[in-house]
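Got the model open in your viewer? Let's walk through it stop by stop, with something to select at each one.

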Amino acid sequence: KETQTKQFEKREVNFQQFSGSASCRKCHQDIYEKHLLTGHHLTSIPAAEKYIKGSFEKGENIFSFHPGLYVSMERRDSGLYQAAFSQGVEKVARRFDIIMGSGTKGQTFLAWQGNNLFQLPITYFTQADAWCNSPGFPDKVIFNRPATVRCLECHATYANKISSIDEEPDAFDHKQIIYGVECEKCHGEGDKHVLYETEHPGETPGKYIINPGKLSRQQSLDLCALCHGGRLSKTQPSFEFTVGKNLADYFVKDTSGGPANIIDVHGNQYGLLQQSKCFKNTSSLTCVTCHNTHENERGKLALFSARCMTCHKPEDHNFCKNTKVSKKLLKSNCIDCHMPKEPSMSVAVILEGKQLPTPALLRTHFIKVYSEIKKAALPATSIN
């Protein structure tokens, strides 16, 4: 019988081109240490109990589907496990191998089976501080949902897919994964840069590395849109798109999102931002206008409000015209009114004992005047 030759993707980006973020530490110590605290760094990491938000303590480590059917989160000699039990009998157990998600909204978990990765059935949901059925899973225990290379493309800096084009599920080289969204995701592969700078210490500007601050507006937006631009269909292998390239050369954008009121607040922040007047009325606004990706600034509303004020000034006649709220309050928090938290349609989980999904609340990037939010906030937030 003739054997069909396996077809593999032709790729230009490979693991050997990456130096790893630790190699950046010598010259960029402060930035390196601050980045370790960011959601980008923690968006994927090898599993360890100190990073897992959910509890493994007795009485807090069970998710029950139905009477007699439950999953237990357990410490065992060989690691941490999710174990499924039916009528008190263990049916299957899989180890926590990879944490996906920083824990700001939640964490889901992957387990290795050979060279394949599968999502575990139980997720941690931060909003409820509870274990829950993983998003999109049926009302039963399953351990066979594969993690694809596209999943890792948003949650990792690099992963070497070793399976052929037609082979499913995707297979990966365990030793060639760079976890988290690290320095090289935004600055480009660093092997040549590190080698050159090691041989030419102190020479500036740095060579063989990209400064995202010097990108064009669209190049900067494309870099963030890889993971925050909604549903994208690949036309090239994953991880081939890198900083400075044209996203449209590697993906086809799903344009079915429609108006901002039906674009989900999770995963398409770029689509929402594009429909905002703040974006349309300037030729320079990008994601990094407001976000310093080197630091964890989550929850610092006064800091983000100050960045709004760089454009919205009383003297320019584009400052908030709500006279019932003091300027002091506006300067400390204009975010809650103009970028309120909204329920996600795509990140909604089934909590134990509940029939309907509970949505995660995420801050919308459709920036506008939300009259209903403003009216509701006035009695509690007006300051003289």
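Before the first selection, one working rule: two strands count as paired if DSSP finds at least two bridges between them. Keep in mind, too, that this is a predicted model.

**Stop 1: the four-stranded sheet**

Select residues 62-66, which make up strand 2, and then 69-76 for strand 3. These two strands run antiparallel and are joined over four bridges. Show the side chains of Phe63 and Val71: Val71, in strand 3, is the bridge partner of Phe63. Then step to Ile62, whose partner in strand 3 is Ser72.

Now look at the turn. Strands 2 and 3 make a hairpin with two residues between them, and Gly68 in that turn has a positive phi of about 90°.

Zoom out to take in the whole sheet. Four strands form it, in the order 2-3-4-5, and the sheet is open, with antiparallel pairing. Add 89-95 to your selection to get strand 5, which is an edge strand, as is strand 2; each pairs on one side only. Look along the sheet and you can follow the twist, which averages 25° from one strand to the next.

**Stop 2: strand 8 and its partners**

Next, select 106-113 (strand 7) and 116-119 (strand 8). Here again the pairing is antiparallel and runs over four bridges. Gln113 has Asn116 of strand 8 as its bridge partner. Two residues separate the strands in this hairpin, and Gly114 takes a positive phi near 65°.

Which way do the side chains of strand 8 point? Asn116 and Phe118 go one way, while Leu117 and Gln119 go the other. In a regular strand, side chains alternate between the two faces of the sheet. All four of these strand 8 residues are buried.

Strand 8 also pairs with strand 11, in the antiparallel sense and over two bridges. Put Gln119 and Arg145 on screen to see this: Arg145, in strand 11, stands opposite Gln119.

Carry on just past strand 11 and pick Thr148, in the loop that leads from strand 11 (145-146) to helix 2 (149-155). Thr148 is partly exposed, at 34% relative accessible area. For a sense of scale, draw a distance from its C-alpha to that of Ser305: the two are 38 Å apart, with their positions 157 residues apart along the chain.

**Stop 3: backbone oddities**

Colour these four residues as you go.

- Pro169 follows a cis peptide bond from Glu168, with omega near -5°. Pro169 sits in the loop between strand 12 (156-161) and strand 13 (172-179).
- Pro205 follows a cis peptide bond from Thr204, again with omega near -5°. Look for Pro205 in the loop between helix 4 (191-199) and helix 5.
- Asp129 is not a glycine, yet has a positive phi of about 50°. Asp129 lies in the loop between strand 9 (122-125) and strand 10 (130-133) and is exposed, with a relative accessible area of 57%.
- His317 is another non-glycine with positive phi, near 65°. His317 is in the loop between helix 9 (301-309) and helix 10 (327-332), and at 66% relative accessibility it counts as exposed.

**Stop 4: the cavity**

Rolling a probe the size of a water molecule over the atoms shows where empty space is left. How many cavities of 30 Å³ or more are there? The count comes to one, and it holds about 110 Å³ of space.

To find the spot, select Thr157, Lys185, Phe239, Phe241 and Thr242, which lie nearest the centre among the 13 lining residues. Helix 3 (183-187) and helix 5 (217-228) are the elements that give two or more residues to the lining. By class, the lining has seven nonpolar, two polar and four charged residues.

**Stop 5: the cysteines**

Finish by showing the cysteine sulfurs. The structure holds zero disulfides. Start at Cys290, whose nearest cysteine sulfur, in Cys308, is 5.9 Å away. Cys290 is partly exposed, with a relative accessible area of 27%.

Why is Cys320 unbonded? Its sulfur is 7.3 Å from the closest cysteine sulfur, that of Cys337, and this is too far for a bond. Cys320 is partly exposed as well, at 32% relative accessible area.

Notes:
Residues numbered from 1 in each chain as written. Predicted model: local features only at pLDDT ≥ 70, side-chain atom pairs only at ≥ 80, totals over all residues. Heavy atoms only, no water. Axes fitted to C-alpha atoms, helices over the stretch in contact; angles between N-to-C directions. Disulfide = S-S within 2.5 Å. Buried < 20%, exposed > 50% of the residue type's maximum accessible area, 1.4 Å probe, protein only. 1 Å grid on protein atoms, 1.4 Å probe; cavity = no way out; pocket = protein on both sides within 12 Å on 5 of 7 lines; lining within 4 Å. Points joined across faces, edges and corners; volume = space filled by probe spheres on them. Nonpolar A, V, L, I, M, F, W, Y, C, P; charged D, E, K, R; others polar.
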